[in-house]
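Colleague: Hey, got a minute to walk me through this one? I'd like to start with a helix.

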Amino acid sequence: MANPLLVLTTRPWGRQSRRSPLRRATVPVPTRAAATDAVFLVLRRMRTPLIALIVVFAVAVFGLTLIPGQNEQGQPYQMTAFDAFYFMSYTATTIGFGEVPYTFTVPQRLWVVGSIFASVTCWAYSIGAVFSLMQDQAFQEAFATQRFGRKVRGLREEFFIVAGYGQAGRLVAAGLDARGRRLVVIDDDSARIDQLAIDSLTNDVPGLTGDVRDPALLGLAGMGSHLCEGVLALTDDDDANLAIAMSAHLLRPDLPVFCRAEERSGAKAMEDFEPTSIVNPYDHYGAFLVLALKHPFVYRLVTWLMSTPGTELPPLREGLTDGEWVVSADDSFGREVAADLESVGLKVRLVEPGGTQPDVTQAVGLVAGTVNDGANLSLAAHARLTHPDIFIALRQQSDLNAALLGAFEPDSVFVPTELVAREALARITVPMSWSFLEHIIHQDEEWARQMTDLFVQRSGTRSPSSHLVELTDRSAPAVVRWLRHDSLTLGDLIRDPEDRSTPISATPIVLVRDNEITFLPSAETELKAEDKLVLAGRTAGFHVLYETLYSDSMLEYVATGREVPTTWVFRMLMPKSRRPAGS
């Protein structure tokens, strides 16, 4: 079991300079010769038709130069090689302009008739070969590979490589796309790549079918590019994810790698290649469940902040450690969860699914964790009818039953792919907010309760989103100009520019200055240029904050309370004593 206090404590997502004893030589990232594969395939398949066409054309031209003709005066005439080539050029292509330079003799016409039939046959053969080539699987793959490589090379923004476009990969891709991040997708299933065209993604995402364990395919997907931000190994095959971690570690050790693992042995093998993070959803779920039982306030705050922005604050469940837990599962998931619960001193009864429903009259919680969603829902329904207050944890295998589980509303739902996607997105989009989640894990119940109250007071009962603000000339020009001649506190910055007595609907959670992280910086903290600030709150609050970051007059108001004109002309017309600082 992963320690519930350490389940989130892995290295933060971000570029890191790693020096590993496994890598002894610098090797360029291999790529396929995508630009020439299709060309060589065309030349190889069209070689015979083209040779036949050239031979027929050459023989026809040669014959015309040998067969004697007559000019307009009836004198013998021998066609030059150029005349013969010119005539066959338009005759062999079935265009036909007439007989040049003089009317042909009978032997010439007989030769031309034979040449026309021979050339038409060759043309038909060549065109048939072209159509056959276009339907050839190898040619289509070569053409798709060439087009994919061209699209990847054409990217001018930083991008992530998503290896595996299953349920988890699609969730991560949709999340990244919604946040304006670019990505490249590879998968060994062509149906999943075809799904890219159907999914409602904002950007055109290059996708290619191929073996994700092939380092050359990763190179073709842009792993060697300086614009590549990281690699996400999200297939449901531990061996494939391990191969991706190997390739990235040995070829691009500076690149962040996020790996999904289904088994402990697979996760253990990946650790040797130092990925940025490994998520084993089956192991993590047990840890989260234990956290929910032992530290309900901390668990509620962590899961609320990790959930999709806008999710309602879940109710608090306490007293779940004072009784028996029933775990029903037909694979290793049940044993994992039962071991996790027993490790913290809970009484657990592991039952086999099927047959009669387990007795839950004396139980405080039920884990319905078979691989069959219908069976899990049946177990949960029977438990709720028997014991309405029982804590129900359900395992969901298929998206098809999401609506049913939503209507049933269990206390906890375990969706392996969703857990992987949620953690991956949290680590990628705002890595510093992930460090705040790690900070929460180590706090006590009272701290978590007060923190939850603060978030609710500032942003309401729906889960906030995280946003990074950098105090630079580009991202916060008004703030940087202000800091050149005056001080500004964090509390002033988050005042509402419409009424500075109230804060905006956002809470500063992380301040990064000179690579040093401060969690929950106080309102009295004086800001400096180049500071990085992570806030959690409503999108409307971030929009209000941006007005302050860019507007000198609004910043003057939130910092001092003085209301000044927004335009330079009116500011110049003001008395000098009332002009904003720096004007």
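Modeller: Sure, take helix α21, residues 539–550. With 12 residues at 1.5 Å a residue, α21 should span 16 Å, and its end C-alpha atoms are 17 Å apart, which agrees. (The expected span is 1.5 Å times one less than the number of residues; helices, H or I with at least four residues, and strands, E with at least two, are DSSP runs numbered from the N terminus.) Keep in mind that this is a predicted model, where local features need pLDDT of at least 70, side-chain atom pairs count only at pLDDT 80 or more, and totals for chains, interfaces and linings use all residues. Residues are numbered from 1 along each chain as its sequence is written, and side-chain values use heavy atoms, leaving out hydrogens and water.

Colleague: Which residues of α21 are buried?

Modeller: G541, F542, L545, T548 and L549. Buried means under 20% relative accessible area, exposed is over 50%, and partly exposed is in between (1.4 Å probe, protein chains only). Seen down the axis of α21, the buried residues fall within an arc of 110°, so they line one face of the helix. That arc is taken from the directions from the helix axis to the C-beta atoms.

Colleague: And what covers the buried residues of α21?

Modeller: Among the elements covering them are β14 (465–470), β17 (506–513) and α22 (552–560). Contact here means heavy atoms within 4.5 Å.

Colleague: New topic: how about T452, buried or exposed?

Modeller: T452 counts as buried, at 2% relative accessibility. T452 is in helix α18, residues 445–459, and touches R300, L301 and L313, not counting residues up to four places away in sequence.

Colleague: OK, salt bridges. How many does the count come to?

Modeller: 23 salt bridges, each being a side-chain nitrogen of Lys or Arg within 4 Å of a carboxyl oxygen of Asp or Glu. In one of them, D136 pairs with R45, the closest N and O atoms being 3.1 Å apart. D136 lies in the loop between α4 and α5 (137–154) and R45 in helix α1 (residues 34–45), so the pair ties together parts that are 91 residues apart in sequence.

Colleague: What about E418 and R422, how are they placed in helix α16?

Modeller: They are four residues apart in α16 (residues 416–429), so about one helical turn separates them. E418 and R422 form a salt bridge too, with closest N and O atoms 3.1 Å apart. E418 is partly exposed at 36% relative accessibility, and R422 is partly exposed at 30%.
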